[in-house]
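This briefing goes from the overall make-up of a protein to a few of its side chains. Please keep the sequence and the model at hand while reading.

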Amino acid sequence: MGVCVLFHFALLLLLAIQAFAEIRYSIPEEVKHGTIVGNVAKDLGLDVSSLVDRRFRVVSESKEAFFEVNQHNGALHVNKRIDRDESCRGSGACLVELKVIVENPLEIHYVVVEITDVNDHSPTFIQKEQTFKIAEQTLPGMRFQLHAAHDPDAGMNSIHAYTLTANEHFEIDLSQSDEDKVPFLVLKKSLDREQKDKHWLLVTAVDGGKPPRSGSLNVSIIVIDINDNRPTFSQEIYQIIIAENVQIGTSIFKMNATDPDEGTNGEIDYSLAKTLKKNVYNVFELDKSSGIIRVKGIIDYEDNDIYKLDIEASDKAISHLTGVCRVIIKIRDINDNPPTIEVTSLSNKVPEDSKPGTVISLISVKDEDSGVNGKIISTIINDVPFELKPSYKENIYSVVTKEYLDREEVSHYEITMQATDCGEPPLSTFKTLSIQISDVNDNSPHFEKNPLEFYLTENNVAGNSVFSVSAADKDLNDNAAISYHIVREGRHNDIMSFLNINSENGQISALKSFDFETLKSFQFQVVATDGGSPPLSSNVTVKVFILDQNDNAPVILYPVSSNGSAEGVEEIPRNMKAGDLVTKVRAYDADIGYNGWLLFSLQQVTAHSLFTLDRYTGQIRTLRSFTETNEAEHGLLILVKDNGNVSLSATATVTVKLVEPKEAFAASDVKRAAAKVEEEDHNVTFYLIITLGSVSLLFVISIIVLIAMQCSKSTEYTSKYLQDANYDGTLCHSIQYRSGDKRYMLVGPRMSIGSTIVPGSHANTLVLPDRRHTSSGEVRNTFIYNSDCLQQVICAHL
C-alpha cells in the first residue's frame, strides 16, 4: 500500500512539473461588483487583440459565477458579491478554481483565486440570556458551561476571548474543545444565599479583528439550597462513526450519566444543548429519559461529514444540577452518488479532413463521493473514430479523432461516454455527444460510363437539344454543384464549334443540321467541374454516330438525254426472241441500307405483252417475239423508288423502236451492238470497281479510328465482297465489322442471311443472331446489327 501511494505521488509530481503553472490571485471578501482581480490575458501571455475571436471566457467549477473576464482587455473582475463565510465554511483557505478557455487553437488554463476573510461579523450568542441555579454550599472551583458565541469569520477574525464583569464570586475560563473555545463560568468563592440570593453578570465575547467586534450574554445566578451532586458522564467527549443514509429512527448511541444523589436528586433527564447549530436539531433527537440518540432526518456525507452534539444531563431536584459532555458523530461515506460528466467546450461540426488527434471537445468528470468511491474511470463505449485523452489534471479529458474521417461514408456520429466510479457497487453515468461531419471537396464528378455513345438521326433541327450528359458528385452543396463545358481543342474543333452545352444540366444542342452522307461520326470531350474550392473535375469522351434518313431520291444514270432528262431511245431488231435483253435502267441512291435499296417498276407501257422489267436489276427484256402487226415504236415509263419508310422515287422514259434491217445488216448490227454493250459494261464495271474501292478505303479508315477509341474493348473487323451465284448484272457490296460489343453490317439487295428488319428502324437496322457460344455452349447474346455506315448499291447493265 505504501509503495502504491509513493508511486501515485511521484506520478502526480511529474505531471505537475510538465503542466502549465496555475495563476493565483487573492482578494478580500465583500468587494464591490466589478473590482479587478488581475489581468489574466497579460499574465498568460495572450494577445489581447485576439481574445474576442478566440472566444476568451472563464468557467467556474462552483455553482456561483463569482468572476467574469473582459474579452477586450483580458481583465478578471468580480461578477457578484462574495461572502467567504457562506462559500467556504471553516478556518481553512477559501479557494475558487477557475478555467480560462480560449479557442482556435483550443487552450485551457487554470486560475485559483483565494478569498481572504475580513472582520465583517460580530460574535453573537444564540440566546441573549442564561440562568444558573447554584447551591449555596457549592465549593469554589465548580465550573458552569456558558453559551458559546458564534462568529462566521475565520482565523484572527474569529472569537479570541471572553470577558466577565468584575465580581468577587465568578471568573471566566476557556476550554479548548477541538477548534472551538468553550467558555466556562468558574466559581472562585462560595455563595451565601442569606447574603445575596441572585447575581447578574455580563459575559462579552471579543474577536481578534482590527478593530475588534464583540457580543454579550446576560447571565443570571440564582442561589439555591444544596443538591450537592450533579450528573456526570464517564468521559467529556464521545466519538462515534455512522454511515450516511442511515434510516430515520435508527438508534445510534445511548448516553449514560450517573448521579450519586438519591430520589429526585439522583434521577436524570437528558437534553440537547440549546446552543447547537440548527441543522443538528433537524438530523438528530435525544430521548429525554433513556438518553438514546436517534436519527431524525436525512444524513448526507456530501452535505456534512461531522456533527457535534452537546448533551446535558440534569437531575430532578428542585435545584437541579447539570452535567455536560460532547458527542462527535463522524459520517462515513458510501457510494451513493454517480459521476457527473460536464462538457466544457464542444465543436459540433468537424471537417472530414481533420487529422487524427484533432481536439473536438473538453470533458470534465466529477463524483461527490470521497476516497475510492470518488475515483472515476472514463471511456467511450461505442465504436467511433474518437477517443479520450487524459489531461495533466485529474478527471479532465479531451475528445480527439483517432483516425481519418469520411463524410461520404458516415456523416454523423453519436459519441457515448461512460464514467464509472470505483465504489461497491460501482455507479455509472452516460453522456452522448452529437457530432456532424462537415463536407470538404474531396470527390471529383463521376460519369457512370466512359465513353458515352449517342445515335443522332441526320437532318436534326438546328438549335434543338440532341442529347445530354450527366455526372454525379458525392460531396454536398457547392462541392457537388456541377458545371459542364466542351473541350474545344484538337483536330475536331471545327465540329465542336457547332455544338453548345448547357453548363448547368449538361443538355447538348447542335447549332447545325448534320448530314449522314458527309459526316458519319465524330467525338468530343465534355469536362464536368464541381463548385468546390479548389474545384475538381473529370472528363468523358462522347461518341456521336449519325443515323441515315431517307433524304436522297434515286438518281437515274441511264438513260440520260443530252439535255439531262431521264429519257432515251433504244432501237432493236424485230427478230429478237422472248427473254432477250432490250436495255437496262441504271440508277443509284446516296442513302444506305434499305433507304438506298432501289426497286424498278413499269408505270406505263404501250404494249404490256411485249416487255417485262426486272424489279431488282432494272433490265428490260422481251416477253415474246415481235410480229408484223406490232407497232414500230413503244414507250415505257419506269418508276425507280427506294425502300425507305417514306420512299422517294424518280422516273425514266425509254422509247423502244423496232427496226427491220436486211439479214446481213441485222447480223453485223447485232454484232456491233453486242460489242458496244460489252464495251460499255466493261467501262461501267471499271468505274464501279474504282468507286467501290474508294468508298471501302474511306470506310476502313473510319472503322480503324472507331476501333482505336474503344480503349479496353476487343475489336473485330471483317470485310468481304459477296457475289451472287446467279449474277444477273447487279453488283452488290456488303461489309461487316465489329466494334466492342456491337456488330455492324451493310446490306444490299437480294441478301439472304436469316435477318429480320426491325420495324421503325429507318429501314437500315438488322437483328442478327450471334452464333458465338460461351464455354458452356450456350448463346452469349443476341446483338442488334446496325448498318449505320456507307453503302452504295449501284446496278449497272452489263
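The secondary structure of this predicted model comes to 55 strands and six helices. The protein has 798 residues, and 43% of them count as buried. The points below cover the whole chain, then a lysine in a loop, then aromatic rings, and last a nonpolar patch.

**Whole protein**
- Among contacts with a separation of 6 or more, 66% join residues that are 24 or more positions apart.
- The exposed area of the protein is about 42500 Å², and 52% of that area is supplied by carbon and sulfur atoms.

**Lys375 and its surroundings**
- Lys375 is placed in a loop, with strand E26 (359-366) on one side and strand E27 (376-380) on the other.
- The relative accessibility of Lys375 is 43%, so the residue counts as partly exposed; the class lies between the limits of 20% and 50%.
- Leaving aside residues up to four places away in sequence, Lys375 touches Glu394, Thr420, Asp421 and Cys422.
- One of these residues, Glu394, is 19 residues apart from Lys375 along the chain, and the C-alpha atoms of the two are separated by 9.8 Å.

**Aromatic rings**
- The structure holds 13 aromatic pairs.
- Phe522 and Phe524 form a stacked pair, because their ring planes stand at 25° with the centres 6.2 Å apart; stacking calls for planes under 30 degrees apart and centres within 6.5 Å.
- Phe522 is buried, and Phe524 is buried as well.
- Phe514 belongs to a cluster with Phe522 and Phe524, linked by ring pairs.

**Lysine charges over rings**
- Lys512 has its charged end over the ring of Phe498, at 4.7 Å from the ring centre.
- Lys520 has its charged end over the ring of Phe516, at 4.9 Å from the ring centre.

**Nonpolar surface patch**
- Leu697, Leu698, Ile701 and Val705 make a nonpolar patch of about 370 Å² on the surface.
- Leu698, one of the patch residues, lies in helix H6, which covers residues 663-709.
- Leu698 counts as exposed because its relative accessible area is 56%, and the cut-off for that class is over 50%.

Terms used. Residues numbered from 1 in each chain as written. Predicted model: local features only at pLDDT ≥ 70, side-chain atom pairs only at ≥ 80, totals over all residues. Heavy atoms only, no water. Helix = DSSP H or I, 4+ residues; strand = E, 2+ residues; numbered from the N terminus. Buried < 20%, exposed > 50% of the residue type's maximum accessible area, 1.4 Å probe, protein only. Contact = heavy atoms within 4.5 Å. Areas by Shrake-Rupley, 256 points an atom, 1.4 Å probe, with all protein chains shown as cover. Phe/Tyr/Trp six-rings, centres within 6.5 Å; stacked < 30°, edge-to-face > 60°. Lys NZ or Arg CZ within 6 Å of the ring centre and 35° of its normal. Patch = residues over 30% accessible without salt bridge, like charges linked within 9 Å, V, L, I, M, F, W, Y side chains within 5 Å. Salt bridge = Lys/Arg side-chain N within 4 Å of Asp/Glu carboxyl O.
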